[in-house]
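The exercises below deal with helices, a chain contact and backbone geometry. Work through each task before reading its solution.

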Protein chains: 2
Amino acid sequence: MSKVDLKMLATQLNVSVSTVSKALRDSHEIGEATKKRILEKAKELGYRPNPYASYMRQQKSKTIALIIPELNNSFFLQVINGAESIAGEKDYHLLIYITHEEVEKEMSIIKHLQNGRVDGILMAVALTTKDYTHLEECIENELPIVFFDRVCHEIETTKIVTDDFASAFTATEHLIKNGCRNIAYLSISDHLSIGIKRFNGYLEALNKYDIVFKEENVLKGSNSETENYSSIKTLLSRGDKIDGIFASVERFALSTYSVCKELNLTIPDDIKVICFSNLYTADFLSPSLSTVNQPAFEMGATAAETLFKHLDKKKIQLANENIVIKSTLMARESSIRN
Amino acid sequence: MSKVDLKMLATQLNVSVSTVSKALRDSHEIGEATKKRILEKAKELGYRPNPYASYMRQQKSKTIALIIPELNNSFFLQVINGAESIAGEKDYHLLIYITHEEVEKEMSIIKHLQNGRVDGILMAVALTTKDYTHLEECIENELPIVFFDRVCHEIETTKIVTDDFASAFTATEHLIKNGCRNIAYLSISDHLSIGIKRFNGYLEALNKYDIVFKEENVLKGSNSETENYSSIKTLLSRGDKIDGIFASVERFALSTYSVCKELNLTIPDDIKVICFSNLYTADFLSPSLSTVNQPAFEMGATAAETLFKHLDKKKIQLANENIVIKSTLMARESSIRN
């Protein structure tokens with residue numbers, strides 16, 4: 001028989017992994033009857049949390065991990081700097097891991113970290129992460145996780161986010177106020193927390209200004225720049241001229257710049273562009289790029305501070321809450337009506 | 001009495017740390033008499049390499065570390081991707097550490113890694129690293145280091161570099177061929193390996209075209225963007241008009257763009273700019289930025305491959321050699337005569 005884990009218990013009991021995890025941690029959220037049923041099944045199957053991991057964890061490693069999905073994104077670079085500034089103050093080392101948007105890599109890293117290597121984890125989940133069992137188990141094994149940016153709302157812990165919905169609304173409204181009526185949304189994902197919120201902000205702005213939402217104006221980007229380039233090209237070559245682009249991440253905006261060059265479309269005259277980005281060359285681009293600037297440094301610093309507060313008082317569970325830090329719209333040439 | 005280390009032995013014997021290190025490893029480079037003198041002193045003072053570190057090291061961690069000085073530099077981002085691609089193939093984890101150009105941080109990281117946490121290190125040294133004892137000791141403790149980009153020639157190991165001298169010569173020559181006669185060199189450092197080679201390439205090109213070298217045309221950049229901005233502004237405000245900038249790292253070129261905007265200088269009409277850079281937005285800048293593109297991905301991958309080759313055959317010492325991978329000049333609008 002294979003090792004009994006949270007997932008096996010959940011399957012056998014026909015409840016979610018999250019419910020099993022909470023019951024085993026004696027959470028008030030789970031009813032007594034359910035709790036009893038889960039504990040009995042856990043005993044019956046011989047489930048136990050990894051004792052080696054738990055033992056190792058008592059010996060402080062003075063190290064925390066930061067898990068990010070990609071590096072070619074100025075947002076994550078600033079998050080790293082923010083987290084490092086706090087880790088440095090605390091005399092902790094910060095290990096940086098990159099999942100390259102692959103859930104397998106993420107699972108391997110999470111497993112690798114459960115041997116006492118680190119005291120806690122700061123992370124933004126990968127694009128392909130849809131099942132959170134490995135994260136539930138990590139917390140179950142007493143290795144705390146603080147999420148930032150791309151969070152798992154299903155998991156009880158602290159999440160550091162920006163006002164994705166409101167910022168996406170403001171960015172889309174900004175395009176509308178500058179004359180756009182046929183705005184495309186370049187989406188990073190239709191299941192990631194940030195993807196959903198930014199999409200909803202876009203929808204809400206269209207709605208406010210009585211602009212009919214068109215399914216075909218939403219382009220789901222991929223991890224391949226070549227694919228993105230090609231699908232943006234198709235989008236901008238359509239008969240019904242797209243006149244505004246709201247990109248959920250900066251690399252889609254840069255691909256848009258390339259495509260416009262090839263198609264001889266002028267930004268902002270033919271098409272206006274705005275995106276979520278912390279690109280430090282935004283001012284120098286031709287034309288300069290309008291951005292929604294996320295408080296990336298602050299988000300990294302707050303995530304680290306939250307984790308350290310928890311580590312300092314070992315007993316307290318990380319509060320199940322969202323800490324929201326606001327983004328700022330930086331209108332530049334790419335989105336302003338001439 | 002404090003712990004006996006390589007430095008103390010070196011001081012007492014009035015030889016270099018490197019000589020002590022080589023003698024203790026029974027290198028053929030050290031004469032028998034010197035070797036004997038060093039071994040006797042080591043015995044007398046009770047020197048021994050860290051046994052715990054050595055013991056731990058036998059247990060493979062399946063992890064290597066990559067130590068870089070800064071993150072806000074597209075060169076290092078691509079190095080990370082290159083090293084990761086090889087580590088992934090080998091099923092190794094790659095830990096990323098950032099020194100923020102501080103030697104104290106670098107020493108702390110190197111010390112932190114000598115507890116079996118990693119099997120080997122890939123690194124580019126910090127700007128402020130002038131004494132290499134911590135690196136000598138690391139190798140002495142059987143934790144191998146492969147250097148890339150910013151290397152320590154004093155240390156016997158493999159170094160992955162680009163053709164810094166030739167590339168700097170070509171970049172400077174390119175400016176001269178485009179009409180520049182009063183070219184400033186923005187230097188990252190006057191003691192780092194890459195700083196010296198790039199400076200010499202610049203000198204050689206001036207020399208070839210009979211342009212007199214002016215001391216005041218060399219600006220030593222600092223780690224502070226504000227300071228760099230201010231000294232570039234002073235440089236470009238001088239009476240004898242600077243007509244070309246060769247920047248040894250990309251952030252100096254970006255600061256130059258900002259200063260030119262403030263001073264109403266037009267690139268490339270008033271001043272031409274070229275720099276070492278792997279900036280992925282170089283094409284989109286206004287004007288597009290001419291760069292010396294380093295083979296960053298290949299350098300990271302080669303550094304990792306070299307380390308793994310060594311780890312696979314435990315007994316063989318890393319060859320004391322330079323592996324040179326060539327850079328490419330990408331001339332764009334910022335340096336071309338109209």
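**Exercise 1: a helix of chain B**

Task: list the buried residues of H8(B), then compare the span of H8(B) with the expected one.

Solution. The buried residues of H8(B) are Asp164(B), Ser167(B), Ala168(B), Phe169(B), Ala171(B), Thr172(B), His174(B) and Leu175(B). Here a residue is buried if 20 or more other C-beta atoms lie within 10 Å of its own, exposed if 12 or fewer, and partly exposed in between, with C-beta atoms placed from the backbone. Helices (H or I, at least four residues) and strands (E, at least two) are DSSP runs, numbered from the N terminus. The model is predicted: local features need pLDDT of at least 70, side-chain atom pairs count only at pLDDT 80 or more, and totals for chains, interfaces and linings use all residues. Residues are numbered from 1 along each chain as its sequence is written, while chains are lettered from A and ligands numbered from 1 in the order in which they are written.

Next, the span. H8(B) covers residues 164-177, 14 residues in total, and runs 20 Å from its first C-alpha to its last. This is close to the 20 Å expected at 1.5 Å a residue, where the expected span is 1.5 Å times one less than the number of residues. Just after H8(B), Gly179(B) has a positive phi of about 100°.

**Exercise 2: a helix pair**

Task: classify the packing of H10(A) against H11(A) and describe the contact.

Solution. Start with the geometry: H10(A) (residues 225-236) and H11(A) (residues 250-263) pack at about 55°, and their axes are 9 Å apart. Axes are lines fitted to C-alpha atoms, for helices over the stretch in contact, and angles run from 0 to 180 degrees between N-to-C directions. The angle therefore makes H10(A) oblique to H11(A); under 35 degrees counts as roughly parallel, over 145 as roughly antiparallel, 65 to 115 as roughly perpendicular and the rest as oblique.

Then take the residues. H10(A) contributes Glu225(A), Asn228(A), Tyr229(A), Ile232(A), Lys233(A) and Leu236(A). From H11(A) come Arg251(A), Phe252(A), Ser255(A), Thr256(A), Ser258(A), Val259(A) and Leu263(A). Contact requires C-beta atoms, placed from the backbone, within 7 Å. By class, the contact of H10(A) with H11(A) has 6 nonpolar, 4 polar and 3 charged residues. Ala, Val, Leu, Ile, Met, Phe, Trp, Tyr, Cys and Pro count as nonpolar, Asp, Glu, Lys and Arg as charged, and the others, Gly among them, as polar.

**Exercise 3: the chain contact**

Task: state how many residues each chain gives to the contact, and which elements of chain B take part.

Solution. Chain B gives 17 residues and chain A gives 17 residues. On chain B, H5 (74-89), S2 (93-98) and H11 (250-263) each supply at least two of them. The side of chain B that touches chain A holds 10 nonpolar, 6 polar and 1 charged residues.

**Exercise 4: backbone geometry in loops of chain A**

Task: locate Asp91(A) and Pro268(A), and give the relevant backbone angle for each.

Solution. Asp91(A) is in the loop between H5 (74-89) and S2 (93-98) of chain A. Its phi is positive, about 60°, although Asp91(A) is not a glycine. Asp91(A) counts as exposed because it has 8 C-beta neighbours inside 10 Å. Pro268(A) sits in the loop between H11 and S9 (272-276) of chain A. The peptide bond from Ile267(A) to Pro268(A) is cis, with omega near 5°.

How values were computed. Contact = placed C-beta atoms within 7 Å.
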